[in-house]
Amino acid sequence: MAVNKFFGAISALSLLLLLSSFGCEAHLSPTFYDYTCPNALTKIRSTIRSAISHERRMAASLIRLHFHDCFVQGCDGSVLLDETPTIQSEKTSNANNHSARGFNVIEDAKTAVEKICPGVVSCADILAVAARDSSVAVGGPSWTVKLGRRDSTTASRSLADSDLPAPFDHLDRLITLFSNKGFTPREMVALSGAHTVGQAQCFTFQQRIYSNGADINAGFASARRRRCPRTGRNSNLAPLDLVTPNQFDNNYYKNLVRKKGLLISDQTLFNGSSTDTIVKEYSKNPRTFSSDFSAAMVKMGDLSPLTGQDGIIRRVCSSIN
């Protein structure tokens, strides 16, 4: 009798864990897919590594894509939805139009996961895992990704336009945008460090490199003008970090101290303001930056997720089932 009670308790525990993984517990957890799709993270990581080995810039694009998802309606995969008669796609917002990329990589990861676990893993979770795996792939920090998000059936171009920072934003505006999502100025500066990898289009920094301002190194400005004339060639690319453009490190902050931030929204973090001391700290202590960045990414992944019975699991990330 005692043996039967013991095995009965084990079975009940297993059932509870299984039900939890199906979303009956409306909380994010690193072990969410351990029972329903134990190989999901391996499949996602393989897809992300392959894409980044083909194009290192993709790491920055995928980290940015997760950020642009979470800041609009929460981390719900809304940024991935295409335009339809009933959906105004966030892809066409000012912050994403002709600049957000990596959608095909997320779809590839989704396809790989669907083959082994149909209808189980959300696109929102794939985005969150892809951001972490992208960081690791280019030498950046890792963090534990909490899982269990579900996908939205809506998107909001208007919220993307109002809630996402722009490359021309100054410090007060950035602090407000991040504060609206619950982030401190320090966390905002840490998250901005994602610009240690990736590239920007000419139109996003033309104003800065032709300003002759006191906040930009003259030699740096001159070098950037060679590929970015005052007018035209708006889509020409320049690395956000000239020193190690494909390596996740703290050179971004060293560049700011030297007045070599590419975007207005970069250099404003170090321009005689309240965040100068944070930038200096990160420029001297890469471990502190990595730790703070990881913690801020985990916090960002917690922004208003759909869980439990809210939302859906999309079969294809760009459209509603």
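**Reading an annotated binding site**

The unreviewed UniProt entry carries a "binding site" annotation covering Thr196, Asp241, Thr244 and Asp249.

Q: How far apart are these residues in sequence, and what is the largest C-alpha distance?
A: Keep in mind that we're looking at a predicted model. The four annotated residues are spread over 54 residues of sequence, yet they cluster in space, with a largest C-alpha distance of 9.8 Å.

Q: Where does aspartate 241 lie?
A: Look for the elements on either side. Aspartate 241 is in the loop that runs between strand 2 (237-239) and helix 11 (251-257). Aspartate 249 has its place in the loop between strand 2 and helix 11 too.

Q: Is aspartate 241 buried or exposed?
A: The cut-off to know is that buried means under 20% relative accessible area. Aspartate 241 comes out at 0%, so it counts as buried. Aspartate 249 sits at 16%, so it also counts as buried.

Q: Which residues does aspartate 241 touch, leaving out those up to four places away in sequence?
A: Here you check the neighbours in space. Aspartate 241 touches His195, Thr196, Asp249, Asn251, Tyr252 and Asn255. With neighbours within four places set aside, aspartate 249 is in contact with Thr196, Asp241, Thr244 and Phe289.

Q: What polar contact does the side chain of aspartate 249 make?
A: For this, go down to atom pairs. The aspartate 249 side chain makes a polar contact with the side chain of threonine 196, at 2.9 Å. As for aspartate 241, a polar atom of its side chain lies 2.9 Å from the backbone nitrogen of valine 243.

How values were computed
Residues numbered from 1 in each chain as written. Predicted model: local features only at pLDDT ≥ 70, side-chain atom pairs only at ≥ 80, totals over all residues. Heavy atoms only, no water. UniProt positions renumbered as here; feature names shortened; annotations may be inferred. Helix = DSSP H or I, 4+ residues; strand = E, 2+ residues; numbered from the N terminus. Buried < 20%, exposed > 50% of the residue type's maximum accessible area, 1.4 Å probe, protein only. Contact = heavy atoms within 4.5 Å. Polar contact = N/O pair within 3.5 Å; in protein donor to acceptor, adjacent residues only side chain to side chain.
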